[in-house]
Amino acid sequence: MGTKLAVAGKGGVGKTTIVGSLARIWARDGMNVWAVDADPAAHLHTVLEIPKASAPSPISSELDLIEERTGARPGTTTGPFFRLNPKVDDIPARYSRMGADGVRLLVLGTIRAAGGGCFCPENAVLRSLLEHLVLEARDAVLVDMEAGLEPFGRATCRGVDMLLVVVEPGSRSIETAARISELARQMGVRRLGVVANRVRDERQREIVEEMLRPHHLRLIDALPDVPVVTRADLEGRSPFALPGADRWVQTIRHLSVKVSEELEGSDG
């Protein structure tokens, strides 16, 4: 079996950069990697160095595809019934684009139907896609989840091997992570880890660990505040493409080891 990792967190904590960077490191290490952009902001293509004009179209915008697979056309009154488990095995090859280091990008787009937890035709396609994407031992899927709590009302990440929740030092970020973790456990996510981003010193790391403890959450890694990442955000570029990327690459390699240890430990 391959590895399916979803990454969530409060908006602005840096999860998209972490997802794209981890995907590239895994690809460099010989894995067949799919990066799935499930965030409506859709900036994962930047980290993978895919020009915006060349990025794949969001699958949720493919109305004919959704109607074909679910029997219901989004935005129309086609009746209350649609197929909950549509065929999705051909979607990755048809709707992906290859980025740097051989990572293939899929863009899911967003759910247009109003109402929390709405199990609309688009969501049926997106959930089925995530549940069936990993097949081979050297395959890895990393999912950049929509920021905040909304995706957990739709159970979009059900079936992932692990949920990685990204936080920054601060009470609001920690509280969001705690709520995300609670909802993830309710939907059956068995493995969950927290990563602190932009941690400036050991004292900040200790504070984050103290704030996580009442929520029964454990910090698996703390990523330093690396200047090249800030510059990349300002310039709308990948941190891998800028001078000084070596420290960020080393940081993500360390995170990769920690994630692997968590997955292997859970299997043991």
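Is Glu49 buried, partly exposed or exposed, and what is its relative accessible area? In this predicted model, Glu49 has a relative accessible area of 40% and therefore counts as partly exposed, since that value falls neither under 20% nor over 50%. The surroundings of this residue are taken up again below, after an outline of the chain as a whole.

The protein chain contains 10 helices and 8 strands, and of its 268 residues 52% count as buried. Its accessible surface comes to about 12100 Å², and carbon and sulfur atoms account for 49% of that area. Among the contacts between residues at least 6 apart in sequence, 76% join residues that are at least 24 apart.

Side chains of opposite charge can pair when their charged atoms come close. The count of salt bridges in the model comes to 15, and one of them joins the side chains of Arg24 and Glu49, with a distance of 2.8 Å from N to O. Arg24 lies in helix H1, whereas Glu49 lies in the loop between helix H2 (44-47) and helix H3 (63-70), so the pair ties together parts that are 25 residues apart in sequence. While Glu49 is partly exposed, Arg24 is buried, because its relative accessible area of 3% is under the 20% cut-off. Both residues also belong to a network of salt bridges, in which Arg24, Arg28, Glu49 and Asp101 are linked.

A further salt bridge is formed by the side chains of Asp144 and Lys15, where the distance from N to O is 2.7 Å. This pair links distant parts of the chain, given that Asp144 belongs to strand S5 (residues 139-144) and Lys15 to helix H1, 129 residues apart. Asp144 has a relative accessibility of 0% and thus counts as buried, and Lys15, at 5% relative accessibility, counts as buried as well. The side chains of Arg203 and Glu210 also meet in a salt bridge, with 3.6 Å from N to O. Here Arg203 counts as partly exposed, at 45% relative accessibility, and Glu210 counts as partly exposed at 39%.

The interior of the model can be followed through Val167, a residue of strand S6 (residues 162-167). Val167 is buried, because its relative accessible area is 0%. When residues up to four places away in sequence are not counted, Val167 touches Val13, Ser173, Ile174, Ala177, Val194, Val195, Ala196, Asn197 and Val208. For one of these partners, Ala177, which is 10 residues apart from Val167 along the chain, the separation between the two C-alpha atoms is 6.8 Å.

Rolling a probe the size of a water molecule over the atoms shows where empty space is left. A search of the whole structure finds 2 cavities of 30 Å³ or more, and the second largest cavity holds about 60 Å³ of space. The lining of the second largest cavity is made up of Gly14, Thr17, Ile18, Asn197, Arg198, Pro224, Asp225, Val226, Val229, Thr230 and Trp248. Helix H1 (15-28), strand S7 (192-199) and helix H9 (227-235) are the elements that give two or more residues to this lining. By type, the lining residues divide into 5 nonpolar, 4 polar and 2 charged. Asn197 appears in this lining and also among the residues that Val167 touches.

Terms used
Residues numbered from 1 in each chain as written. Predicted model: local features only at pLDDT ≥ 70, side-chain atom pairs only at ≥ 80, totals over all residues. Heavy atoms only, no water. 1 Å grid on protein atoms, 1.4 Å probe; cavity = no way out; pocket = protein on both sides within 12 Å on 5 of 7 lines; lining within 4 Å. Points joined across faces, edges and corners; volume = space filled by probe spheres on them. Helix = DSSP H or I, 4+ residues; strand = E, 2+ residues; numbered from the N terminus. Nonpolar A, V, L, I, M, F, W, Y, C, P; charged D, E, K, R; others polar. Buried < 20%, exposed > 50% of the residue type's maximum accessible area, 1.4 Å probe, protein only. Contact = heavy atoms within 4.5 Å. Salt bridge = Lys/Arg side-chain N within 4 Å of Asp/Glu carboxyl O. Areas by Shrake-Rupley, 256 points an atom, 1.4 Å probe, with all protein chains shown as cover.
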